[in-house]
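Me: I want to learn how to read helix packing and empty space in a protein model. Can we work through one together?

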Amino acid sequence: MLQSLAGSSCVRLVERHRSAWCFGLLVLGYLLYLVFGAVVFSSVELPYEDLLRQELRKLKRSFVEEHKCLSEAQLESFLARVLEASNYGVSVLSNASANWNWDFTSALFFASTVLSTTGYGHTVPLSDGGKAFCIVYSVIGIPFTLLFLTAVVQRIIVYVTRRPVLYFHIRWGFSKQMVAIIHAVLLGFITVSCFFFIPAAIFSVLEDDWNFLESFYFCFISLSTIGLGDYVPGEGYNQKFRELYKIGITCYLLLGLIAMLVVLETFCELHELKKFRKMFYVKKDKEEDQVHIVEHDQLSFSSISDQAASMKEDQKVNEPFVSPQSSLNCDGSINN
């Protein structure tokens with residue numbers, strides 16, 4: 001008897017704080033996912049980093065032995081300056097001196113990566129004025145970009161998602177939830193094909209040092225706004241039509257980002273995902289709902305009163321020679 005009472009009380013406690021328990025499990029799952037990613041990346045990449053470090057040590061040692069007139073300290077000072085310039089997108093190689101990082105097309109590509117929060121990091125402002133302007137430009141431009149993308153996605157999703165689903169539901173009588181799931185899967189497949197596989201094949205042809213996997217990796221890193229910067233197109237030494245190529249990449253990033261947001265919004269509108277998300281949200285109290293209802297009623301009442309007053313004023317202006325008796329009748333009808 002006591003065990004059944006204790007079990008029922010535990011069940012009631014869990015049901016009462018179900019949202020809090022689900023949120024705690026969500027936080028725990030996210031932390032475990034972070035640890036899992038760190039373990040996998042460390043185990044996979046650490047051996048390659050060790051091999052690269054050993055190779056660089058051997059190369060440096062052999063270079064110093066072959067050039068006795070150059071000390072190791074001088075070599076390290078020179079390499080530190082070269083690496084610092086490379087972090088700003090400036091290379092000391094003779095075949096890379098023809099490519100400028102701050103011509104108009106490169107600056108346009110940089111502005112698009114800043115506003116979309118992709119930020120490859122291959123080109124950064126060199127001057128203090130450029131850094132200050134980048135801060136102000138980002139503070140204004142990033143919310144502006146979010147507003148722009150939200151407005152565009154809201155209009156596109158009506159014609160791409162909601163109307164087709166409603167058409168098949170009404171015209172053919174299919175289940176709305178099933179039609180929405182099939183439509184979301186098809187839309188995701190089309191988006192992945194048009195903005196990942198096809199561009200990856202094109203980049204693998206246009207970029208000399210990229211294979212298909214590296215090109216697909218660049219597309220995913222860019223359109224997910226991760227922007228690691230290890231692969232940046234149009235930075236080759238013998239790149240043909242570099243200005244036109246940069247403008248094309250800018251348009252691809254903008255259109256691809258819009259397509260990704262449309263697909264994400266389509267999946268978020270699925271009934272199953274809505275139910276799943278509600279498990280982790282805080283439920284509104286009944287008192288808060290009542291307050292919202294009262295505020296809404298007060299707003300509606302005040303708006304109706306304002307409309308009646310404005311109608312009375314308009315009638316007085318438009319009919320200045322109306323008799324007092326008729327005006328009283330009009331006022332009574334408006335009040336009613």
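Reply: Yes. Start with a relation between two elements: helix 6 and helix 7 are oblique to each other. Keep in mind that this is a predicted model.

Me: Why are helix 6 and helix 7 called oblique to each other?

Reply: First the general idea. Two packed helices are described by the angle between their axes and the distance between the axes. Now the case here. Helix 6 covers residues 176-206 and helix 7 covers residues 212-223. They pack at an angle of about 130 degrees, with their axes 8 Å apart. Angles over 145 count as roughly antiparallel, and 65 to 115 as roughly perpendicular. The angle fits neither class, so the pair is oblique. The crossing of the two is right-handed.

Me: Which residues make the contact between helix 6 and helix 7?

Reply: Helix 6 brings Phe195, Phe196, Phe197, Pro199, Ala200, Ala201, Phe203 and Ser204. Helix 7 brings Phe212, Ser215, Phe216, Phe218, Cys219, Phe220 and Leu223. Sorted by class, this contact has 13 nonpolar and 2 polar residues, with no charged ones.

Me: Next pair. At what angle do helix 5 and helix 6 cross?

Reply: Roughly 135 degrees, and their axes come within 9 Å. Helix 5 spans residues 128-171. Helix 5 and helix 6 are therefore oblique to each other. Their crossing is right-handed.

Me: Which residues of helix 5 and helix 6 meet?

Reply: From helix 5, take Val160, Thr161, Pro164, Val165, Phe168 and His169. Opposite them in helix 6 are Lys176, Val179, Ala180, His183 and Leu187. The class count for this contact is 7 nonpolar, 3 polar and 1 charged.

Me: And how are helix 7 and helix 8 oriented to each other?

Reply: Use the angle again. The axes of helix 7 and helix 8 cross at roughly 70 degrees and come within 9 Å. The range 65 to 115 counts as roughly perpendicular. Helix 7 and helix 8 are therefore roughly perpendicular to each other. Helix 7 passes helix 8 in a right-handed crossing.

Me: What meets what in the contact of helix 7 and helix 8?

Reply: Cys219, Ser222 and Leu223 of helix 7 meet Tyr252, Leu253, Gly256, Leu257 and Met260 of helix 8. By class, that is 6 nonpolar, 2 polar and no charged residues. Cys219 and Leu223 also appear in the contact of helix 7 with helix 6.

Me: Now empty space. How many cavities of 30 Å³ or more does a search of the whole structure find?

Reply: The idea first. Rolling a probe the size of a water molecule over the atoms shows where empty space is left. Here the search finds 2 cavities of that size. The largest cavity has a volume of about 40 Å³. The second largest cavity holds about 30 Å³ of space.

Me: Which residues line the largest cavity?

Reply: Its lining consists of Asn101, Ser106, Phe109, Phe110, His122, Thr123, Glu235, Arg242 and Lys246. Two elements give two or more residues to this lining: helix 4 (104-115) and helix 8 (242-268). Helix 4 gives the most, with 3 residues. The classes are 2 nonpolar, 4 polar and 3 charged.

Me: And what lines the second largest cavity?

Reply: Tyr120, Tyr217, Phe218, Ile221, Ser222, Leu228, Gly229, Asp230 and Tyr231. They divide into 6 nonpolar, 2 polar and 1 charged. Look back at two of these names. Phe218 is also in the contact of helix 6 with helix 7. Ser222 is also in the contact of helix 7 with helix 8.

Me: Last, a pocket. What is the volume of the second largest pocket?

Reply: About 450 Å³. The second largest pocket is lined by 13 residues. Leu56, Leu59, Lys60, Leu79 and Leu83 lie nearest its centre. Helix 2 (18-66) and helix 3 (72-87) are the elements that give two or more residues to this lining. Helix 3 gives the most, with 7 residues.

Me: How do the lining residues of the second largest pocket divide by class?

Reply: Into 8 nonpolar, 1 polar and 4 charged.

Definitions and conventions:
Residues are numbered from 1 along each chain as its sequence is written. This is a predicted model: local features need pLDDT of at least 70, side-chain atom pairs count only at pLDDT 80 or more; totals for chains, interfaces and linings use all residues. Side-chain values use heavy atoms; hydrogens and water are left out. Axes are lines fitted to C-alpha atoms, for helices over the stretch in contact, and angles run from 0 to 180 degrees between N-to-C directions. Helices (H or I, at least four residues) and strands (E, at least two) are DSSP runs, numbered from the N terminus. Angles under 35 degrees count as roughly parallel, over 145 as roughly antiparallel, 65 to 115 as roughly perpendicular and the rest as oblique. A crossing is left-handed if the near helix is turned anticlockwise from the far one by less than a right angle, and right-handed if clockwise. Contact means heavy atoms within 4.5 Å. Ala, Val, Leu, Ile, Met, Phe, Trp, Tyr, Cys and Pro count as nonpolar, Asp, Glu, Lys and Arg as charged, and the others, Gly among them, as polar. On a 1 Å grid over the protein atoms alone, a cavity is a set of points where a 1.4 Å probe fits but cannot get out, and a pocket is an open set with protein on both sides within 12 Å along at least five of seven lines; lining residues have an atom within 4 Å of a point. Grid points are joined across faces, edges and corners, and a volume is the space filled by probe spheres set on the points.
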